[in-house]
Amino acid sequence: MKKNKFNTNNIQDDINKYSSMSQDQLMEELIKHAKEGKQNGSINDATIEKLYNVASGFLNEDEKAKLKSLLEIVKKS
């Protein structure tokens, strides 16, 4: 049986791409990808809620509020 290999090159490419972006640029990028995901059916409101529930455990109160606000924008897009 063939196993899928974890491609670290793609991860490093993404880190390099996103690490140089401002917060506003990151938010625009997230919203763009979320719209695409909602259009193709790979993202829905339940997926967005799961993301918040998982990520919020690693955030302080201000970060949680920002994430919640951003995800509400994504839901409406």
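In this predicted model, helices α2 and α4 pack with their axes 9 Å apart and at an angle of about 40°. Because angles that are neither under 35 degrees, nor over 145, nor from 65 to 115 count as oblique, α2 and α4 are described as oblique to each other. Their crossing is right-handed. On the side of α2 the contact is made by Gln-23, Met-27, Leu-30, Ile-31, Ala-34 and Lys-38, while α4 contributes Lys-66, Leu-70, Ile-73, Val-74, Lys-75 and Lys-76. Sorted by class, the residues in this contact of α2 with α4 are seven nonpolar, one polar and four charged.

The helix α4 also packs against α3, and here the axes come within 10 Å and cross at roughly 170°. Since an angle over 145 degrees counts as roughly antiparallel, α3 and α4 are therefore roughly antiparallel to each other. The residues of α3 that make this contact are Asp-45, Ile-48, Glu-49, Leu-51, Tyr-52 and Ala-55, and those of α4 are Lys-64, Leu-67, Lys-68, Leu-71, Glu-72, Val-74 and Lys-75. By class, the contact of α3 with α4 has seven nonpolar and six charged residues, with no polar ones.

From these two pairs of helices one can turn to the core. In soluble globular proteins, nonpolar side chains tend to be buried together. In this model the largest nonpolar core has eight residues, namely Ile-31, Ala-34, Ile-48, Tyr-52, Leu-67, Leu-70, Leu-71 and Val-74. Two or more of these residues come from each of α2 (23-40), α3 (45-55) and α4 (61-76), and α4 gives the most, with four residues.

One member of this core, Leu-67, leads on to the loop that precedes its helix. When residues up to four places away in sequence are not counted, Leu-67 touches Tyr-52, Ala-55 and Leu-59. Of these, Leu-59 has its place in the loop between α3 and α4. Is Leu-59 buried, exposed or partly exposed? Its relative accessibility is 27%, and because buried means under 20% and exposed over 50%, Leu-59 counts as partly exposed. Leaving aside neighbours within four places in sequence, Leu-59 is in contact with Lys-64 as well as with Leu-67.

Seen as a whole, the protein chain has four helices and zero strands, and its pattern, read along the sequence, is α-α-α-α. Of the 77 residues in the protein chain, 16% are buried. Among contacts in the protein chain between residues at least 6 apart in sequence, 46% join residues at least 24 apart.

Methods:
Residues numbered from 1 in each chain as written. Predicted model: local features only at pLDDT ≥ 70, side-chain atom pairs only at ≥ 80, totals over all residues. Heavy atoms only, no water. Core = buried A, V, L, I, M, F, W, Y, C linked by side-chain atoms within 4.5 Å. Buried < 20%, exposed > 50% of the residue type's maximum accessible area, 1.4 Å probe, protein only. Contact = heavy atoms within 4.5 Å. Axes fitted to C-alpha atoms, helices over the stretch in contact; angles between N-to-C directions. Left-handed = near helix turned anticlockwise from the far one by under 90°. Nonpolar A, V, L, I, M, F, W, Y, C, P; charged D, E, K, R; others polar.
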